[in-house]
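My notebook is open and the model is loaded. I'm jotting down what I look up as I go.

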Amino acid sequence: MAAAVGRAGSFGSSSPGLGSAAGFSSSPSSAATAATNNNNAELRAGGDEDDGQNLWSCILSEVSTRSRSKLPSGKNVLLLGEDGAGKTSLIGKIQGIEEYKKGRGMEYLYLNVHDEDRDDQTRCNVWILDGDLYHKGLLKFAMEASSLKDTLIMLVVDMSRPWTALDSLQKWASVVREHIDKLKIPPEEMKEMEQKLVRDFQEYIEPGEDFPASPQRRNTSLQEDKDDSVILPLGADTLTCNLGIPVVVVCTKCDAISVLEKEHDYRDEHFDFIQSHIRRFCLQYGAALIYTSVKENKNIDLVYKYIVQKLYGFPFNVPAVVVEKDAVFIPAGWDNDKKIGILHENFQTLKAEDSFEDIITKPPVRKFVHEKEIVAEDDQVFLMKQQSQLAKQPPTAAGRPVDASPRVPGGSPRTPNRSVTSNVASVTPIPTGSKKIDPNMKAGATSEGVLANFFNSLLSKKTGSPGGPGGVGGSPGGGGTGGAGSNLPPSAKKSGQKPVLTDVQAELDRISRKPEMVSPTTPTSPTEGEAS
């Protein structure tokens, strides 16, 4: 307790001294103590001000760092390819637009690029050149000397027409080469761009642990700790046409591969042959290769990821895919001549040295009937035409010309040695139960059938004539019969003429109903008189 009290006392004894210091005591020791305390207070106040300044410095530094780490603007993607290759449709699909409106000359679109890590976004300019070489002068608006290093070239190939693939790639690559040469970029800057492209190609590493690294990079990665500058040399046919900017070859409409197999007898070796030639072209320009299909939404997102990886440095962890023939993906730096040679092992009837134009030829154009649409005219219009044509034709009887031979007043043609008996027999009515005329029969056959039925009815039935059975066989009543035959209406005696179907039927019905009358004034022919 004493010690405690002593400490308390000693602590308490200092209070007057502090009080005196506060009261500005004239004692030297008191003044020194007061000065020391004032200095400590000033230091503490200065320390607080320094902390505030450091806080603001940190904030300003962070803002400055964020401004420097923002996504750069002014990046460009230039698409070139034939008309109908699907350039606008590809970009529209990446944007999520369902309806694509194709323009003329040079089209401008853009892609929204968003960085989730930095919470920043920007726009990537997209230029689409028309498939006609007439518009190649418009490249000056998309590729300028100042923005060339921030540009990516995308060559689009239509896989529904694979016979145009190589010619299209070589044509548009030469257009880009010609335009870059016109920009007159300083040689030092151009050489630096080319070396960067070579370095990116050689330093490619296959992503993921489950996938082996590229052979071009495998030895380099082992020596990376010793010397980072050691890289393997390029192949003989690799980057021989260095444009200094990244190139991507996109094959569109790969869903047409199944159509080529069915309609044009393409086999797997043909598609391997096409792929090998396209991959050789990609090696020459250090380009990547992507097979896409807008209709099936295949590898569309992969195209976008590869673009932002090349232009903005986004992480990209998609390995190469060569197994699926309609979804091939080969990043720049992965391929080489040995890997392309694997495709040649599957050739059975083809050879690796075969010319592309000789093997992949344009199929002959097949003319289909449905190409020219035949429109049937209206039924009423057709019938009116037929009616007008029939009205213009001369009158005919049952499809045959009218017999112009001389006729007797009764209307029957006059023929030599013709007996009246035949006329008598010809007017004998057909029984009601006889077979009627078939309207489906032809005109000539119908008239002959009428006569055949008529004479058959005469032979089968002996009744129906006023002269009785003797009239036919030449009995004494034959004179009366002959008179009756000569007194018949003219229309009933036209046995030599072949009337129209409806007229014949109506006449036969009329005859069967009307009783025959014998005319006493009709002269009897000599032949009938002799028979009596």
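Entry 1: strand S1. I started with the two faces of S1, and both turn out to be covered. On one side I found Asn76, Leu78 and Leu80, on the other Val77, Leu79 and Gly81, and all are buried. Note to self: this is a predicted model. The split into two sides fits what I learned in class: in a regular strand the side chains alternate between the two faces of the sheet. I'd call S1 mostly covered, since six of its six residues are buried.

Entry 2: neighbours of S1. Which strands does S1 pair with? With S3 (residues 120-129) it pairs in the parallel sense, over four bridges. S4 (residues 151-158) also runs parallel to S1, and six bridges join the two. I looked up some partners too. Asn76 stands opposite Asn125 in S3. Over in S4, Leu78 faces Ile153, and Gly81 has Val156 as its bridge partner.

Entry 3: a closer look at Asn76. Is this residue of S1 buried or exposed? Its relative accessible area is 5%, and buried means under 20%, so Asn76 counts as buried. A polar atom of its side chain lies 3.1 Å from the backbone oxygen of Gly74. Leaving out residues up to four places away in sequence, I listed what Asn76 touches; among them are Trp127, Ala142, Ser147, Asp150 and Leu311.

Entry 4: the whole sheet. I traced seven strands in an open sheet, in the order S2-S3-S1-S4-S5-S6-S7, with mixed pairing. S2 (106-115) and S7 (329-330) are the edge strands, each pairing on one side only. Then I checked which helices lie on the sheet. H9 (residues 268-285) packs on it, touching S4, S5, S6 (288-291) and S7, and its direction makes about 145° with that of S6. H3 (residues 87-95) lies across S1, S2, S3, S4 and S5 (247-252), at about 25° to S2.

Entry 5: two more helices. I tried the ruler trick on H6 (residues 187-202): at 1.5 Å a residue, its 16 residues should span 22 Å, and the end C-alpha atoms are 22 Å apart, so that agrees. Met190, Met193, Leu197, Phe201 and Gln202 are buried in H6. H13 (residues 379-392) has 14 residues and reaches 20 Å, close to the 20 Å expected. The number of buried residues in H13 is zero, so this helix lies largely in the open. At its start, a side-chain oxygen of Asp378 comes to within 3.1 Å of the backbone nitrogen of Gln380.

Methods
Residues are numbered from 1 along each chain as its sequence is written. This is a predicted model: local features need pLDDT of at least 70, side-chain atom pairs count only at pLDDT 80 or more; totals for chains, interfaces and linings use all residues. Side-chain values use heavy atoms; hydrogens and water are left out. The expected span of a helix is 1.5 Å times one less than its number of residues. Buried means under 20% relative accessible area, exposed over 50%, partly exposed in between (1.4 Å probe, protein chains only). A polar contact is a pair of N or O atoms within 3.5 Å; within protein, one must be able to donate a hydrogen and the other to accept it, and residues adjacent in sequence count only if both atoms are side-chain atoms. Contact means heavy atoms within 4.5 Å. Two strands pair if DSSP finds at least two bridges between them. Axes are lines fitted to C-alpha atoms, for helices over the stretch in contact, and angles run from 0 to 180 degrees between N-to-C directions.
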